[in-house]
Amino acid sequence: MNTFFIIFFALKVFTMQNYSKNTHQKFSISRQNFHILRKSHIFALEMENTKAEIVYSEDINDINAPRFTDWGVHLVCNDGDAMFLFNGKPVTIRKNDAAVINHPELVTHINASPDLRIRFIAAPFKFIYNLLPANHYGVVGHISLFENPVIPLSPEDAWRMNNDIEQLRLRSDDTHHLFYDELIGSLALTMIYDLFDFHAKLHGDAAPSERTANVVKRLLTLLESGRAKRHREVTYYAQELNVSPKYLSETVKRITGNSVLNLINKYAVPILIDFLNNSDLSLTQICEEMNFSSPSYFSRYTLRHLGMSPSEYRTAHSSSERR
């Protein structure tokens with residue numbers, strides 16, 4: 001075995017380990033997976049038991065398309081500005097802003113200026129999550145960006161973000177490339193590392209230890225799976241993670257700046273709103289479905305987080321729909 005082959009094989013193994021974090025996850029792609037939709041260029045990657053797509057678009061109104069439920073959007077604004085609600089909170093993007101929007105289905109009320117120019121890459125959250133490198137900064141960034149998805153960039157960093165997106169768009173047609181899977185994976189990782197850099201320059205680069213990052217990462221996995229629909233107690237998650245409630249509370253607060261309850265409620269409240277907006281469900285059914293101990297506690301929880309009781313919310317919502 002010559003020296004060149006040894007080096008080549010080592011680089012191949014290193015790339016695959018960092019790309020998929022699982023040597024059994026093999027990506028394959030075929031030309032028929034490609035489609036052109038308006039300004040969107042879509043290419044599909046076939047993962048083991050999972051189909052993941054990466055979408056390029058320049059239309060701000062695409063970011064909350066139904067197909068992007070549980071996806072992640074990586075956006076850069078090159079001119080103009082836009083406002084929207086994300087998880088009920090107002091967000092504004094301006095020239096030279098990047099935005100990382102996990103769960104773009106939580107985006108509503110998009111209002112863009114006539115001169116707005118944006119471009120974005122979108123991909124299923126699971127696909128992005130599998131690409132995240134093992135340096136644990138992604139845990140901090142993920143939570144911080146759920147709170148505020150906008151990262152102001154310098155003109156130089158805005159150019160880098162544009163270049164990352166452009167490379168993914170341009171190389172998507174290189175299906176003849178013998179290492180196409182690794183190529184697309186490395187380009188996506190370049191964009192992720194650049195976003196880490198942008199975010200760290202704004203918020204600090206301290207990354208948690210492996211153990212603490214693992215605890216928070218597993219907590220996020222539980223919350224992403226919808227557990228907050230029926231479980232909103234710190235003790236429940238501490239038990240699931242095999243740690244004490246005190247350790248979980250202190251760890252989450254130290255890493256994220258949020259309390260565990262605050263984090264849990266960020267996932268529970270959108271579920272509650274979806275149920276309240278569903279007129280086919282009675283308030284009694286919602287109370288049972290979300291495992292509230294009593295109707296009075298259900299009412300107090302809704303009042304605390306939505307500013308009105310469940311019946312008042314429904315009355316206000318139905319009135320706004322009629323208008």
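This passage describes a three-stranded sheet, a pair of packed helices and the largest pocket in a predicted model.

We can start with the sheet. Strands of a sheet pair through backbone hydrogen bonds, and they may do so in a parallel or an antiparallel manner. Here, three strands make up an open sheet with the order β6-β5-β8, and their pairing is antiparallel. Strands β6 (89-94) and β8 (107-112) are found at the edges; each has a single partner strand, so one side of each is left without a neighbour in the sheet. From one strand to the next, the twist averages 20°.

The pairing of β5 with β6 can be followed residue by residue. Strand β5 covers residues 81-86 and is joined to the antiparallel β6 by six bridges. Along this pairing, D81 sits opposite R94 of β6, while A82 has I93 of β6 as its bridge partner. The two strands, β5 and β6, form a hairpin with two residues between them. In that turn, N87 adopts a positive phi of about 55°.

Next come the helices. Two packed helices are described by the angle between their axes together with the distance between those axes. For helix α9 (residues 260-277) and helix α11 (residues 295-306), the packing angle is about 110° and the axes lie 11 Å apart. Since angles of 65 to 115 degrees count as roughly perpendicular, α9 is roughly perpendicular to α11. On the α9 side, the contact is made by N265, A268, V269, L272, I273 and L276; these meet F298, Y301, T302, H305 and L306 of α11. By residue class, the contact of α9 with α11 contains eight nonpolar residues, three polar and no charged.

The largest pocket brings several of these elements together. Its space amounts to about 900 Å³. The lining comprises 30 residues, of which N87, L106, V269, P270 and I273 are the closest to the pocket centre. N87 was met above in the turn of the β5 and β6 hairpin, and V269 and I273 were met in the contact of α9 with α11. Two or more lining residues are given by each of β8, α6 (210-224), α9 and α11. Helix α9 supplies the largest share of the lining, with 10 residues. In contrast to the helix contact, where no charged residues occur, the pocket lining includes six charged residues alongside 12 nonpolar and 12 polar ones.

How values were computed: Residues are numbered from 1 along each chain as its sequence is written. This is a predicted model: local features need pLDDT of at least 70, side-chain atom pairs count only at pLDDT 80 or more; totals for chains, interfaces and linings use all residues. Side-chain values use heavy atoms; hydrogens and water are left out. Two strands pair if DSSP finds at least two bridges between them. Helices (H or I, at least four residues) and strands (E, at least two) are DSSP runs, numbered from the N terminus. Axes are lines fitted to C-alpha atoms, for helices over the stretch in contact, and angles run from 0 to 180 degrees between N-to-C directions. Angles under 35 degrees count as roughly parallel, over 145 as roughly antiparallel, 65 to 115 as roughly perpendicular and the rest as oblique. Contact means heavy atoms within 4.5 Å. Ala, Val, Leu, Ile, Met, Phe, Trp, Tyr, Cys and Pro count as nonpolar, Asp, Glu, Lys and Arg as charged, and the others, Gly among them, as polar. On a 1 Å grid over the protein atoms alone, a cavity is a set of points where a 1.4 Å probe fits but cannot get out, and a pocket is an open set with protein on both sides within 12 Å along at least five of seven lines; lining residues have an atom within 4 Å of a point. Grid points are joined across faces, edges and corners, and a volume is the space filled by probe spheres set on the points.
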